[in-house]
Amino acid sequence: MKKLLKYNSCNILISNNIFNELDYNFSILKNRRILIITNKLIASLYLSKLKKLFYSVTNYLEYIVIPDGEKYKTMTTVNNIILVLLKKNYDNNTIIISFGGGVISDISGFIASIYKRGIDVIHIPTTLLAQVDACIGNKNSINHKYGKNMIGTFYEPKSIIIGLNFLNTLSKKEIYSGLSEVIKYGIIMDKDFFFWVKRNIKNLISLKLKFLYRCIITCCKLKVNIINKNKIDNISRILLNLGHTFGHAIEKYTNYNYWSHGSAIAVGIIIATYVSLNLNIIKIKDAKLIRSLIIEAKLPILGPKNININDYINIIKYDKKNNMNNINLILPTSIGTAKIFYNVDKKIIIKSILDSKQDLLSKF
Ligand SMILES: NC(=O)c1ccc[n+]([C@@H]2O[C@H](COP(=O)([O-])OP(=O)(O)OC[C@H]3O[C@@H](n4cnc5c(N)ncnc54)[C@H](O)[C@@H]3O)[C@@H](O)[C@H]2O)c1
Ligand SMILES: [Zn+2]
């Protein structure tokens, strides 16, 4: 199985196994200096195979291996990598290969966008979450003590090479995490896809190739459609942030430890759904469907036990979607539709967080 998609000048290859893709058009790499950015875990699993693949087109191949974890998605890591690039005199014809999950693609994309005013980058995403979301869409960002993804740029990669083979070594926790963004697409823009995911959730969790393939292609197409319409964060693109206001708060509150991005987003989607219920803009039936699919994907519906209302409010006031201290939220309005709501009443937000803590929907 192999599929090629395209947006602007970026190609997306979706393949069963990228190590069998020697015939793929790697000519862009020919005789260029290549720098692979990856982390320790992915390097131990796949770096030698990737090097072998690229040595067929260039001899100028080097790599940087950083520690694993969201807590390293920082300016310090970016600075350390840039220092190596400058010390080793990488020129502006260098091409960065980001090889890993969303943390690696965000760091690598950001560096590519600022190093010598921009150098080429190719993403090879190795998590489900990065394959369906983080690598697509030209956004990259790093965290700051004031909040998650606070610093970043828009920057188009030259190509994105997706290999389903990488998912075989991914922990189940990370598969569930990726499913959180998959479910998000269904909720915000594609009712049929939502129900397809619901029918096939077990096949997706057990990595049945045919289902994974369809799932990844659909998500890539949905995101590409949005990007083609909205180059930067305006209306329909901003819907992709469903669940992210509260989810980011959970990630920050827990110091980017323990909670995968997708798990935090799942709880964020649940809280957003309670806000919709409290604003009377979603039917209970649809809210229950969202909750049940999140549970079926083995994702959490409750946030960390000790996070309280003030913690949430103190963190979400820094959210990027806010303006003039007004809290703006993406809220689901049915299965397949969501909207941005401006200046949402704080009392409603507080009530919704409390409702979610009590799992009120389970009582209807
Ligand atoms: N830029 C965007 O548009 C965008 C969109 C969504 C998410 N993100 C960002 O993506 C990040 C989350 O990405 P993620 O979920 O991929 O997390 P991640 O990059 O931390 O990867 C999760 C874990 O899986 C491991 N791993 C990766 N590939 C593996 C493989 N093939 N086999 C075994 N283990 C593997 C990693 O080492 C890590 O421990 C967050 O920082 C989030 O903000 C960005
Ligand atoms: Zn996300």
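Is Gly100 buried or exposed? In this predicted model, Gly100 is buried, because 30 other C-beta atoms lie within 10 Å and 20 or more are needed to count as buried. The residue is part of strand β5, which spans residues 95–100. Beyond its neighbours within four places in sequence, Gly100 touches Thr38, Asn39, Ile42, Ser105 and Thr126. Cys135 lies 35 residues from Gly100 along the chain. The C-alpha atoms of these two residues are separated by 9.9 Å.

The protein is divided into two domains. Domain 1 covers 2–169, and domain 2 covers 177–363. Their C-alpha centres lie 26 Å apart. Across the boundary, 27 residues of domain 1 are in contact with 28 residues of domain 2. On the side of domain 1 that touches domain 2, four elements give two or more residues each: β1 (2–7), β2 (10–15), α4 (128–134) and β8 (147–154). Helix α4 gives the most to this side, with 5 residues. By class, the side of domain 1 that touches domain 2 has 13 nonpolar, 9 polar and 5 charged residues.

Two residues of strand β8 were examined individually. Asn149 lies in this strand. Its phi is positive, at about 55 degrees, although Asn149 is not a glycine. Asn149 counts as partly exposed, because it has 18 C-beta neighbours inside 10 Å. Ile151 is also found in strand β8. With 15 other C-beta atoms within 10 Å, Ile151 is partly exposed. Setting aside neighbours within four places in sequence, Ile151 is in contact with Met75, Ser141, Ile142 and His144. One of these contacts is with Ser141. Ile151 and Ser141 are 10 residues apart in sequence, and 5.4 Å separates them in space, C-alpha to C-alpha.

The largest nonpolar core has 100 residues. Those with the most contacts inside this core are Ile96, Ile187, Ile269, Ala272 and Ile294. Helix α11 supplies the largest share of the core, 11 residues. Domain 1 and domain 2 both give residues to the core, so it lies between them.

Ile187 was taken as one of the residues with the most contacts inside the core. The residue is placed in helix α5, residues 172–189. Ile187 counts as buried, because 29 C-beta neighbours lie inside 10 Å. Its contacts, leaving aside neighbours within four places in sequence, are Phe194, Leu242, Ile269, Ile290, Pro332, Ile335 and Ala338. Ala338 is 151 residues from Ile187 along the chain. The C-alpha atoms of Ile187 and Ala338 are nevertheless separated by 7.3 Å.

Helix α11 (residues 261–278) also packs against helix α12 (residues 284–296). The angle between the two helices is about 170 degrees, and their axes are 10 Å apart. That angle makes α11 roughly antiparallel to α12, because angles over 145 degrees count as roughly antiparallel. From α11, the contact involves Ala266, Ile269, Ile270, Thr273, Ser276 and Leu277. From α12, it involves Ile284, Ala287, Ile290, Arg291 and Ile294. The residues of this contact divide into 8 nonpolar, 2 polar and 1 charged. Ile269 and Ile294, which meet in this list of contact residues, are also among the residues with the most contacts inside the largest nonpolar core. Ile269 and Ile290 are further included among the contacts of Ile187.

Two residues were examined in the segment after α14. Asp359 lies in this segment. Its phi is near 50 degrees, a positive value in a residue other than glycine. Asp359 is partly exposed, because 13 other C-beta atoms lie within 10 Å. Lys363 lies in the segment after α14 (346–357) as well. Lys363 is exposed, because its count is 6 other C-beta atoms within 10 Å and residues with 12 or fewer are classed as exposed. Lys363 and Val275 are 88 residues apart in sequence. In space, 17 Å separates Lys363 from Val275, C-alpha to C-alpha.

Methods. Residues are numbered from 1 along each chain as its sequence is written. Chains are lettered from A and ligands numbered from 1 in the order in which they are written. This is a predicted model: local features need pLDDT of at least 70, side-chain atom pairs count only at pLDDT 80 or more; totals for chains, interfaces and linings use all residues. Axes are lines fitted to C-alpha atoms, for helices over the stretch in contact, and angles run from 0 to 180 degrees between N-to-C directions. Angles under 35 degrees count as roughly parallel, over 145 as roughly antiparallel, 65 to 115 as roughly perpendicular and the rest as oblique. Two residues are in contact if their C-beta atoms, placed from the backbone, lie within 7 Å. Ala, Val, Leu, Ile, Met, Phe, Trp, Tyr, Cys and Pro count as nonpolar, Asp, Glu, Lys and Arg as charged, and the others, Gly among them, as polar. A nonpolar core is a set of buried Ala, Val, Leu, Ile, Met, Phe, Trp, Tyr and Cys residues joined through C-beta atoms within 7 Å. Domain bounds come from an automatic or database domain assignment.
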